[in-house]
Amino acid sequence: MHTTISATLINITAAALTGAALLFGANAAHAANKIVARVSLSQQVMEVSVDGRPTFAWKVSTGDRAHVTPTGSFKPTRMHEMWYSKKYDNAPMPHSVFFSGGYAVHATYAIKRLGQPASHGCVRLHPDNAADFYQLVETFGPANTSIVIVK
């Protein structure tokens, strides 16, 4: 399943959840305002759920045999619309959502490699999907976002 989303749809969803907060109280919106990005290393897929509802499934590239992608549950620690890797020759990392030290979910231009391990440990996405994920995290907030990486 390969799905795309527009920034407008994300903003409409955020507005609807904000409306729910006003209508039903802050606790209802707090529960409804969660994003979970589940990355399967074995399947090379990132499934994104909003408010517990499966919303997106995108192909990814994670760490290759020589470079491990950490497993566990993480919160975004910082975000950059454009980042250049200090460790890997200033490699571009558009729409970076960092979750553990130098590890991030970010766009790649090597889209033919999506669906197979190919990175130095980061979670790579198609540029359109990375932009959408970045917008989701920006809209709902890093505190309301979980990145869960499983074998």
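Which residue in strand 9 does Ala-37 stand opposite? In this predicted model, the partner of Ala-37 in strand 9 is Ile-147. The legends below begin with the whole chain and then turn to individual regions.

**View 1. Overview of the protein chain, with three helices and nine strands.** Read from the N terminus, the elements follow the order α-α-β-β-β-β-β-β-β-β-α-β. The chain has 151 residues, of which 42% count as buried. Among its contacts between residues at least 6 apart in sequence, 57% join residues at least 24 apart. The exposed area of the chain is about 8000 Å², and carbon and sulfur atoms supply 57% of that area.

**View 2. The open sheet of five strands, in the order 3-2-1-9-4.** The pairing in this sheet is mixed. Its edges are formed by strand 3 and strand 4, each of which pairs on one side only. On average, and with direction ignored, neighbouring strands are turned by 20 degrees against each other. Strand 1 and strand 9 run parallel and are joined by six bridges. Ala-37 and Ile-147, the latter in strand 9, stand opposite each other. Helix 3 packs on this sheet and touches strand 1, strand 2, strand 3 and strand 9. The direction of helix 3 makes about 30 degrees with that of strand 2.

**View 3. The open sheet of four strands, in the order 5-6-7-8.** Here too the pairing is mixed. Strand 5 (78–84) and strand 8 are the edge strands, and each pairs on one side only. From one strand to the next, the twist averages 25 degrees. Six bridges link strand 5 and strand 6, which pair in the antiparallel sense. Met-79 has Val-97, in strand 6, as its bridge partner. Helix 3 packs on this sheet as well, touching strand 5, strand 6, strand 7 and strand 8. Its direction makes about 45 degrees with that of strand 6.

**View 4. The largest nonpolar core, a set of 25 residues.** The members that touch the most other members are Met-46, Val-48, Val-105, Leu-125, Phe-133, Ile-147 and Ile-149. At least two residues of this core come from each of strand 1 (35–40), strand 2 (45–50), strand 3, strand 6 (92–100), strand 7 (103–107), strand 8 (123–125), helix 3 (127–140) and strand 9 (145–150). Helix 3 gives the most to the core, with six residues. Leaving aside residues up to four places away in sequence, Met-46 touches Ala-37, Arg-38, Val-39, Phe-56, Ala-57, Trp-58, Val-60, Val-105, Leu-125 and Phe-133.

**View 5. Thr-62 in the loop between strand 3 (53–59) and strand 4 (72–74).** Is Thr-62 buried or exposed? Thr-62 counts as buried because its relative accessibility is 2%, and the cut-off for buried is under 20%. The side chain of Thr-62 makes a polar contact with the side chain of Gln-44, at 2.7 Å. When residues up to four places away in sequence are not counted, Thr-62 touches Val-39, Leu-41, Gln-44, Thr-69, Gln-116, Pro-117, Ala-118, Ser-119, Cys-122 and Val-123. Gln-44 thus appears in this view both as a residue touched by Thr-62 and as its polar partner.

Key
Residues are numbered from 1 along each chain as its sequence is written. This is a predicted model: local features need pLDDT of at least 70, side-chain atom pairs count only at pLDDT 80 or more; totals for chains, interfaces and linings use all residues. Side-chain values use heavy atoms; hydrogens and water are left out. Buried means under 20% relative accessible area, exposed over 50%, partly exposed in between (1.4 Å probe, protein chains only). A polar contact is a pair of N or O atoms within 3.5 Å; within protein, one must be able to donate a hydrogen and the other to accept it, and residues adjacent in sequence count only if both atoms are side-chain atoms. Contact means heavy atoms within 4.5 Å. A nonpolar core is a set of buried Ala, Val, Leu, Ile, Met, Phe, Trp, Tyr and Cys residues joined through side-chain atoms within 4.5 Å. Two strands pair if DSSP finds at least two bridges between them. Axes are lines fitted to C-alpha atoms, for helices over the stretch in contact, and angles run from 0 to 180 degrees between N-to-C directions. Accessible areas come from the Shrake-Rupley method with a 1.4 Å probe; for residues, only the protein chains shown count as cover.
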